Structure formats: C-alpha cells, structure tokens
Amino acid sequence: MPIKIENLYYTYMNGGPFKKDALHDINLEIADGEFIGIIGHTGSGKSTLIQHLNGILKPTKGNVIINNINTMQKNLKELRSQVGIVFQYPEHQLFEETVKKDISFGLINQGLSQEEIDKRVISSLESVGLSDRILDKSPFELSGGQKRRTAIAGVVAMMPRILVLDEPTAGLDPKGRDEIFGYISKLHEDFNMTVILVSHSMEDIAKLTDRVIVMNEGTVFMDKPSSEVYADPKALEGIGLSAPQITYLMKRLKTIFPEINEKVLTVEAASEELIKQLNKRVH
Amino acid sequence: MNKPVLEEINSKKPIRATGVLLSEKGELTKGIRSFEKNMIRDITIGQYVPGSSLLHKSDPRTKLILTFVMMIFIFMIDTYWGYLTLAIFTAITVITSGIPVKFVLKGLKPIVFIVVFAAVINTFTISGTPIFELGFLKPTYEGLNVAVKMAIRLFLLIIMASLLTYTTTPISLTDGIEKLLNPLKRIKVPVHEISMMMTIALRFIPTLLEETDKIIKAQSSRGADFENGNLIARAKSFIPVLIPLFISAFRRADELATAMEARCYRGSEGRTRMKQLNFTKNDVIIAAITIAFMAWVLVMQNVSK
C-alpha cells in the first residue's frame, strides 16, 4: 500500500489576508512496510504533512495518493480505515464511559459486527500492553500512560495498513516512552504495518526507523536511510536539529582511535562497537 | 499547556484576538465548517484588528460610552435623511479607522438572513394600505417602511458595535468596562471579578477553538462522520467532540486557577495596574465630533418635521 505524494503544496487560509504557506514542493514515495521517521523543528510542516495522509487536509496543489486512493476524492471512509493517525496527546480525545466503548468508537464507524469489535478491542489492548481488566473502567480513571495507550489502541484496533504517530511519547517518562516504542515496533513487525513516526527526539528516531525524512521550512530537507542522515551532523545543525548525542561521542572518539566505526546510532550499538575495538586491542 | 498561557497572559502585548488566530489556524475542519455553514469564520464582531488610527489610540472608556450613546441615538432617528447622514458618518468612521471595508462587510453576512427574515415578517404583518393582495398575503406600505428602517438600524448598529471591538484589544476593553463599572463596587457588585472572568473567557476563545479543531481531526481520523445523517444523528455525532472539549476546559480552568494562586492572586484588593487608562486629546476629539454630529442630526430632524 504505497504512499505517493506528488508536488504537494499547502496554504493555510488560501486567498485570505492571513494566508500562510505551510508546505511546498513535496515529493515522496513510501513503500509498504517501511518504518519512517519524520523530524523537523516546530513549524517545519511535519504535522501539516501527516494530516494530508488521510485527507483531513487537502492539498492546495498537487496530489496525495494512498494505495490508488486520491485524498481529493469525496468519500474518505475507506482511506480513513487504511490510514490511522494518532495525534499529539491522543488521550485528549477520549470521551466514552468505558475503555471498551472508547476503543470501539472507530470500529463502529467502520461498520464491523459486534463479535469482530469485541475481538479487536481485546487484541488492540494487548498490543499496547494493557490488561483487559480495565475494559469496563472509565478512561478518565486511568493513569496518564494508560490513557495514552488506550487512545493509541483506539486507532490500532481499526487495523490500519499505515499507522502515523505524531509525537506519541511527548510528556511520558523514559519507561513509558520505551514501552510505547516497543509496542509500535512490534506492530510494525507483526502486521507489516507501514509506520510513520513524527518526533523531534533524534535518539528515538535513530533507534527505531529505517529511513528518516527531515523537514525544514515546509519542505523535505533530507530523505535518507537513518545511518546516512546522522553521518552529517553539520547539515542537521544548520536547520536547528542535531544528531543523537552518541554520534557526537563516537565522532570524538574516532579522532583519537581512527579504527572505530563511528556510524552507529544507538547507545547499544556504540557499546558493542567499543567492546569489539577493546577486545581487538587486548588480543 | 500552562506555560504558553501564562506567558501570553503575562506579556503586555495584546492577546491574539479570536479572529486572527482562527484565520491562522485557518481550516476549522470540514465537519464544523459544513455544520456551521461558515458561520464561525464570518463572525468578525469581537475580533481585534491591529492598527494605529485615532480610534485605536483612544481610551476604551470613550469608545464604550460613545458606542452606547450611538446605539440609543440610532433608535432616535426615524427619517431616511437621518439614516443617510448616519450611514455616511459610519462610512467615514470605518475608513478613518483603517479597518478593511471588506472585513466589515463580511461581519454583516451572518445577520443578513435574520434581518431579511424580520423585514419580510414586518412587511406582511403590519396592517395599513396594501401594496397588493394575494390570498392571505397582504404586504403593506407601512410594513415595508418599518421593515426597511429596522434593517438599516440593525446594520448600522452591528457596524458600530463591531468597530468598537475591531479597534480595541479584548484586554483594554475589559479594563475599560471594569473602570466604568467601578462605582457599582459600593453596592457590592464584584466588578473586578466580573471583568477578570470576561478577560479569561476572551483569552480562551482561540485556545478552545484550536482544541475543537484538533479533536474534530482526531475523531474524524477514527471515522467519525459529522456531515451525514439527519439533524439528530448529526447533533449526536458531536458528542465525541464536546465531551473531550469540556474535560479539557475544566482541566485548563484548574491549571489556570493554580497558576494564579501561585502568583498570589487574590482578587481586586490592593491590585495595581501596569497600564493605566488615561483620557487624552484623542478622546476629546472623537467625543466632540461624535456628539456634535448626533446633536446636529437630531436638531435637523426636528426642524424638518
């Protein structure tokens, strides 16, 4: 279910006195089953871009085509069940009396049978690591992290082929963050879902994704495999971003020990590399 | 969310008025758009348009009082000649205020329907000499006369009232109201509290609109449909938007109250202002022109009778 974005332009309040260009000249192709990270600083157009993926925003110019469905068409029901978007602070959208009803909301809109709905509610709760004991609780009684996961489950339950998450871990503690990322990677692997993750934490993006799209001033600044994006921290710094801290450390170490492979993106990979080098020295 | 709110409340720059933010955020999503038929975006009354005209610079109290007097005055005129001069006066005021004429006219759009509707009712129900008769339909000249006058009055009224908010920031408007209502404190009216509530309400309009926009987007991503179905179905479809909205409004209220208390807010007692309201030459000029104009029209109207 490839995503194809052709020459996308988007202008807020087009034609009005307050019009503002939000996106310009965007051309992207995303294949099935990719795990993509989108980074960029505030106002770079990340959120505007992802809202085009299920037709919430329509291009001012250009086309967004998802599995041969153009988002400009009128009936978006099919599109919306194929592309699930988890917005920032998704727990703010909870509204039902019970967790079960809230997760069912999207499924009822999809017109599924009650049996199917019940099945999916349970499995989606599992896939975000919540126990089915909370099914009949009010979502407002849950803790912050649980609320967040319930809201994500509400989107996951719809079984989208493409899952888009806008800063899914904002405001969570490191443990909650790692857990959520764990579940997201698992969804990606188990169902071969295309996952698009928006974040401004370089560490998270580096750890999880295969390909990184860097946004700057409303257009794509860089679109490369993760390892290549971070190989050049200077370019990222130029637009107010940075590489993961570990990349900087490895670069420094390389100036002292030239045989080190500095192209590692996570702390784990770095420690492996260092141990390998140390072992070499000992032998 | 607390930080930006506080920063905005603290900074002395005028808080972004509803209109500007709405327009920047632009697309209040389709759901609401079709639901409200563009109503929200057309309502320009209550918005502030930055500028540096005489009207912008004058004291909010002057503008409040003059607007109030003007409203009474509009109902005292009952000749077409009077309306014509008033319309010209209004036009001149709009032009000198530097507010785009298009913007002012756009603000009239939402009330056109009400005015036309009322005018038709008037024309057909007031008894007098009939223009024509068609079964039970009997439009009369008297009715038409009343209808046209009322329509003109309403339009002028809206323009005048909008001019007040176009040229005054919500904050200085509530400051002005607080000052004007001050004498009521003697009879134990909580003037400061009322104006604080107004300030907070105005400040949260854009925030809540933004929030509404977000929730609508989130729910429609989950397949919520705000456009189809009958009236009841559509009203029901807004529950998933309204409940989160209320919850977040209460949460924000709580947070704001805590933040205010943490800064030792305790009502009007002993509270001083950074910006004092002062009458200046501008106010004298505006008041003099307006009052002279009104007096002249009233005199001419009585003479011509």
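Which residue stands opposite A:Val198 in β8(A)? The partner is A:Asp166. The points below concern a predicted model and begin with the strand that holds A:Val198.

1. Strand β8 of chain A and its burial. This strand covers residues 194-198, and five of its five residues are buried, so β8(A) is largely enclosed by the rest of the structure. In a regular strand the side chains alternate between the two faces of the sheet. In β8(A), A:Thr194, A:Ile196 and A:Val198 point one way, while A:Val195 and A:Leu197 point the other way. The residues on both sides are buried.

2. The partners of β8(A). Strands of a sheet pair through backbone hydrogen bonds, either parallel or antiparallel. Strand β7 of chain A (residues 162-166) pairs with β8(A) in the parallel sense, over five bridges. Strand β3 of chain A (residues 35-39) also pairs with β8(A) in the parallel sense, here over four bridges. On the β3 side, A:Phe35 stands opposite A:Val195.

3. The largest nonpolar core. In soluble globular proteins, nonpolar side chains tend to be buried together. In this model the largest nonpolar core has 76 residues. Those with the most contacts inside this core are A:Leu53, A:Ala153, A:Ile162, A:Val164, A:Ile196 and A:Leu197. Helix α5 of chain A (residues 144-156) gives the most to the core, with five residues. When neighbours within four places in sequence are left aside, A:Ile196 is in contact with A:Ile36, A:Ile38, A:Ile50, A:Ile162 and A:Val164. Apart from this core lies another, of 19 residues, among them B:Leu66, B:Phe73, B:Ile74 and B:Leu163.

4. The open sheet of chain A. Four strands form an open sheet in the order β2-β1-β4-β5, with antiparallel pairing. Its edge strands are β2 (20-30) and β5, each of which pairs on one side only. Within the sheet, β1 (residues 3-12) and β4 (residues 61-66) pair over five bridges in the antiparallel sense. One of the residue pairs here joins A:Tyr9 to its bridge partner A:Lys61 in β4(A).

5. The β4-β5 hairpin of chain A. Strand β4(A) is joined to β5 (residues 69-70) by two bridges, and the two strands run antiparallel. A:Ile66 stands opposite A:Ile69, and A:Ile65 stands opposite A:Asn70. Two residues lie between the strands of this hairpin. In the turn, A:Asn67 has a positive phi of about 45°.

6. A:Val99 as a buried helix residue. This residue is found in helix α3 of chain A (residues 99-110). Why does A:Val99 count as buried? A:Val99 has 28 C-beta neighbours inside 10 Å, and the criterion for a buried residue is 20 or more. Not counting residues up to four places away in sequence, A:Val99 touches A:Ile134, A:Leu135, A:Lys137, A:Pro139 and A:Thr150. The C-alpha atoms of A:Val99 and A:Asp136 are 6.1 Å apart, although 37 residues separate the two in sequence.

7. The contact between the chains. Here 22 residues of chain B are in contact with 27 residues of chain A. On the chain B side, the elements that give two or more residues are α2 (18-25), α11 (191-221) and α13 (239-262). The largest share of that side, seven residues, comes from α11(B). By class, the chain B side has eight nonpolar, eight polar and six charged residues.

8. The domains of chain B. Chain B is divided into domain 1 (37-168 + 274-305) and domain 2 (170-271). The centres of the two domains, taken over C-alpha atoms, are separated by 29 Å. Their contact takes seven residues from domain 1 and eight residues from domain 2. Helix α6 of chain B (residues 60-76) supplies the largest share of the domain 1 side, three residues. By class, that side has four nonpolar, two polar and one charged residues.

9. Annotated spans in chain B. An unreviewed UniProt entry lists residues 64-81, 112-132, 152-173 and 284-303 of chain B under "transmembrane region". In the model, residues 152-173 are 91% helix and 0% strand, and their end C-alpha atoms lie 27 Å apart. Residues 284-303 are 100% helix and 0% strand, with end C-alpha atoms 28 Å apart.

Key. Residues are numbered from 1 along each chain as its sequence is written. Chains are lettered from A and ligands numbered from 1 in the order in which they are written. This is a predicted model: local features need pLDDT of at least 70, side-chain atom pairs count only at pLDDT 80 or more; totals for chains, interfaces and linings use all residues. Two strands pair if DSSP finds at least two bridges between them. Domain bounds come from an automatic or database domain assignment. Two residues are in contact if their C-beta atoms, placed from the backbone, lie within 7 Å. Ala, Val, Leu, Ile, Met, Phe, Trp, Tyr, Cys and Pro count as nonpolar, Asp, Glu, Lys and Arg as charged, and the others, Gly among them, as polar. A nonpolar core is a set of buried Ala, Val, Leu, Ile, Met, Phe, Trp, Tyr and Cys residues joined through C-beta atoms within 7 Å. A residue is buried if 20 or more other C-beta atoms lie within 10 Å of its own, exposed if 12 or fewer, and partly exposed in between; C-beta atoms are placed from the backbone. UniProt positions are given in the numbering used here, feature names are shortened, and annotations may be inferred rather than shown by experiment.
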